[in-house]
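Biologist: I am new to this structure. Please take me through one part of it closely, and then show me what surrounds that part.

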Amino acid sequence: MPDTDDLEEKLLSEVGDLMSREIRTIAPDTTLREASRLMGKYNVGSLLVLGGGQYLGILTDTDLARKGLAQGVNPEKDKVQSFMSSPIITIDIHRLVEEARAIMKGKGIRHLAVTEEGKIVGIISLGDLIR
């Protein structure tokens, strides 16, 4: 567990210092089963939904559990577009990590898309904040 000084230093750093620049995407017409498989393959908790050359939403492991499987959907037939969260909540790459934490807490989410000059350039998760 990080000590208080390490935690304070992390919270005062920029989002860009902790984010992942590796953006994993999925098409909106992909099945939930395939989405789950991809999350496991890439060891990620979210996939950005990409359709028509633009980001349409985000599908998270929480979406799969709470909106998907908990409601008895068919993961072989039901599609990502029906369970993704939209609009995508974003934060600028130069904002402080503390601000990202506050947004996640306030909105009850664990993933934010990170933008630079209005373009999504990465993802930051709650896990990134506590590592």
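Which residues does Ile26 touch, not counting residues up to four places away in sequence?

Modeller: A word of caution comes first: this is a predicted model. Now to the residue you picked. Leaving out residues up to four places away in sequence, Ile26 touches Ala35, Leu38, Leu47, Leu48, Val49, Leu50 and Val80.

Start with the strand. Ile26 belongs to strand E1, residues 25-26. Across from Ile26 stands Val49 of E2. E1 and E2 run parallel, and 2 bridges join them. In general, strands of a sheet pair through backbone hydrogen bonds, and the pairing is either parallel or antiparallel. Here the sheet is open, has 3 strands and follows the order E1-E2-E3. Its pairing is mixed. E1 and E3 are the edge strands, and each pairs on one side only.

Next, the core. Ile26 is part of the largest nonpolar core, which has 13 residues. The members that touch the most others are Ile26, Leu32, Ala35, Leu47, Val49, Leu59 and Val80. Two elements give two or more residues to this core: helix H3 (32-42) and E2. H3 gives the most, with 4 residues. A separate core holds 12 residues, including Met19, Val97, Ile124 and Leu129.

Now follow the chain from H3 towards E2. Asn43 sits in the loop between these two elements. Its phi is positive, about 55°, although Asn43 is not a glycine. Is Asn43 buried or exposed? Its relative accessibility is 70%, so Asn43 counts as exposed. How far is Asn43 from Arg66? In sequence they are 23 residues apart, and in space their C-alpha atoms are 19 Å apart.

Asn43 also leads to the largest pocket. In general, rolling a probe the size of a water molecule over the atoms shows where empty space is left. The largest pocket holds about 340 Å³ of space. Its lining has 18 residues, and those closest to the centre are Asn43, Val44, Gly45, His111 and Ser125. Strand E2 (46-51), strand E6 (119-125) and helix H6 (126-130) each supply at least two lining residues. By class, this lining has 5 nonpolar, 7 polar and 6 charged residues.

Two of those central residues, His111 and Ser125, lead to another pair of strands. His111 stands opposite Ser125 of E6. Strand E5 (residues 111-116) pairs with E6 over 6 bridges, in the antiparallel sense. E6 is mostly covered, with 6 of its 7 residues buried.

E5 and E6 form a hairpin, with 2 residues between the strands. Glu117 lies in the loop between them. Phi of Glu117 is positive, near 55°, in a residue other than glycine. Why does Glu117 count as exposed? Its relative accessible area is 79%, and the exposed class begins over 50%, so Glu117 falls within it.

There is a second largest pocket too. Its volume is about 250 Å³. It is lined by 15 residues, of which Thr60, Ser85, Gly108, Ile109 and Arg110 are closest to its centre. Strand E3 (54-60) and helix H4 (61-68) each give at least two lining residues. H4 gives the most, with 4 residues. The classes here are 5 nonpolar, 5 polar and 5 charged.

One more backbone detail is worth a look. The peptide bond from Ser86 to Pro87 is cis, with omega near 5°. Pro87 lies in the loop between H4 and strand E4 (90-92).

Back to your starting point. Ile26 faces Val49 across the E1 and E2 pairing. Among the residues Ile26 touches are Ala35, Leu47 and Val80. Those three are also among the core members that touch the most others.

Technical notes. Residues numbered from 1 in each chain as written. Predicted model: local features only at pLDDT ≥ 70, side-chain atom pairs only at ≥ 80, totals over all residues. Heavy atoms only, no water. 1 Å grid on protein atoms, 1.4 Å probe; cavity = no way out; pocket = protein on both sides within 12 Å on 5 of 7 lines; lining within 4 Å. Points joined across faces, edges and corners; volume = space filled by probe spheres on them. Nonpolar A, V, L, I, M, F, W, Y, C, P; charged D, E, K, R; others polar. Buried < 20%, exposed > 50% of the residue type's maximum accessible area, 1.4 Å probe, protein only. Pairing = 2+ DSSP bridges. Core = buried A, V, L, I, M, F, W, Y, C linked by side-chain atoms within 4.5 Å. Contact = heavy atoms within 4.5 Å.
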